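Biologist: Got a minute to walk me through this fold? I'd like to start with the strands.

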Amino acid sequence: MKIGFIGTGVMGRSMAHHLLDADYQLNVYNRTKEKADSLVEKGAVWKDSPAEIATSSDLIFTIVGYPEDVEEVYFGEDGIFQNLTANKIVVDMTTSIPALAQKISEKAREKGAYALDAPVSGGDIGAKEGRLTVMVGGEKETFEKVRPIVENFSSELRFFGPAGSGQHTKMVNQIMVAGTMTGMIEMFAYAQKAGLNLEEVVKTVSGGAAQNRSLDNYGSRIIKEDYSPGFFVKHFVKDLKIALNESKAMNLELPATQQAFELYKTLEDKGHGDEGTQALIKLWWS
């Protein structure tokens, strides 16, 4: 099986490397070609557009930045659907809008092809270590076909229902992450003001009821003032906006998530959109 991979950024590049390590034939495309160089050096074949990926691949993974990028990759002038043919499978792993996942699924069906929405969680570390969590929507039979391949870069892989279900599940995930991230940031702000040893605080809190993945992944980075992106601030702002829009459509109020969104939007507006989500501490620490 020839696999196409579109989007070789912080997450996608590591995911694609795992597929090469598993000896799959891999075609790659990224808007910035240099970000795919390490994959091409390892044996991947560069293609000049998503349409070329569709021509040369049986299974196509996409993981890009924003819903508008997804729209362009699939429906654009040089997009996947220009050349997608029957029986091929597309899997969008971008965190995007449920309605767009449904639109992709419908278009794929028109062409006799298949589509899954399968956003991921786990950040740069999870991608590098091949232990991402993947949340899937679409047809169960298609899910079972791609499962052995996705397992090369995931440790938790679950099917949730029809097209859009994977995206809804990712919103659930991001709502929870918003709570743990803001809790962790306020923990650091309080601990510093109280004059506590931050390293000892992290060790102690990590051993009790407040232990969580955000603290495990980002606690030491904050202490080192390392704000490199495991997950971009600008992408988290995008995700929380989607979650709030979807909740509004369901007549559901999420005040804590709304507050987290406002905090991260403030951080983005201050010029920190390309930093990691742990940079939220900068609203308290100069």
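Modeller: Sure, terms first: two strands pair if DSSP finds at least two bridges between them. Strands (E, at least two residues) and helices (H or I, at least four) are DSSP runs, numbered from the N terminus. This is a predicted model, where local features need pLDDT of at least 70 and side-chain atom pairs count only at pLDDT 80 or more, while totals for chains, interfaces and linings use all residues. Residues are numbered from 1 along each chain as its sequence is written, and side-chain values use heavy atoms, with hydrogens and water left out.

Biologist: OK, so in which sense do strand 8 and strand 9 pair, and over how many bridges?

Modeller: Strand 8 pairs with strand 9 (residues 154-161) in the parallel sense, over six bridges. One of the partnerships puts L132 with S154 in strand 9. Between the two strands the chain passes through helix 8 (residues 140-150), and that β-α-β crossover is right-handed. By right-handed I mean that, with the strands pointing away from the viewer, the path from the first strand over the helix to the second runs clockwise.

Biologist: How does strand 7 run relative to strand 8, parallel or antiparallel?

Modeller: Antiparallel: two bridges join strand 7 (residues 120-121) to strand 8. There, S121 has T133 of strand 8 as its bridge partner.

Biologist: Why do you call strand 8 largely enclosed?

Modeller: Because five of the six residues in strand 8 (residues 132-137) are buried, the rest of the structure largely encloses it. Buried means under 20% relative accessible area, exposed is over 50%, and partly exposed lies in between (1.4 Å probe, protein chains only).

Biologist: And strand 2, how many of its residues are buried?

Modeller: Four of the five, so strand 2 is also largely enclosed by the rest of the structure. Strand 1 (residues 2-6) pairs with strand 2 in the parallel sense over five bridges, with I3 standing opposite L26. The chain gets from strand 1 to strand 2 by way of helix 1, in a right-handed β-α-β crossover. Strand 2 also pairs in the parallel sense with strand 3 (residues 45-46), over two bridges, and V28 has W46 as its partner there.

Biologist: Staying with helix 1 for a sec, is S14 buried or exposed?

Modeller: S14, which is found in helix 1, counts as buried because its relative accessibility is 15%. Leaving out residues up to four places away in sequence, S14 touches A127 and K128. Contact here means heavy atoms within 4.5 Å.

Biologist: What about strand 5, which strand does it pair with?

Modeller: Strand 5 (residues 89-92) pairs with strand 6 (residues 114-117), parallel, over four bridges. V90 has A115 as its bridge partner in strand 6. The chain goes from strand 5 through helix 6 (residues 98-110) to strand 6, again as a right-handed β-α-β crossover.

Biologist: Which residues does I104 contact?

Modeller: Not counting neighbours within four places in sequence, I104 is in contact with V70, Y74, F75, F81, V90 and A115. I104 sits in helix 6 and counts as buried, because its relative accessibility is 5%. The C-alpha atoms of I104 and G164 are 9.7 Å apart, with the two positions 60 residues apart along the chain.

Biologist: Switching to helix packing: at roughly what angle do helix 9 and helix 13 cross?

Modeller: Roughly 65 degrees, and the axes of helix 9 (residues 165-193) and helix 13 (residues 255-272) come within 9 Å. The contact is made by I175, A178, M181 and T182 of helix 9 with T257, A260, L263 and Y264 of helix 13. Axes are lines fitted to C-alpha atoms, for helices over the stretch in contact, and angles run from 0 to 180 degrees between N-to-C directions.

Biologist: Last one, what's phi at D23 and at E225?

Modeller: Phi of D23 is near 70 degrees and phi of E225 is near 55 degrees. D23 is in the loop between helix 1 (12-21) and strand 2 (25-29), and counts as exposed because its relative accessibility is 70%. E225 is in the loop between helix 11 (213-223) and helix 12 (233-249), and at 59% E225 counts as exposed too.
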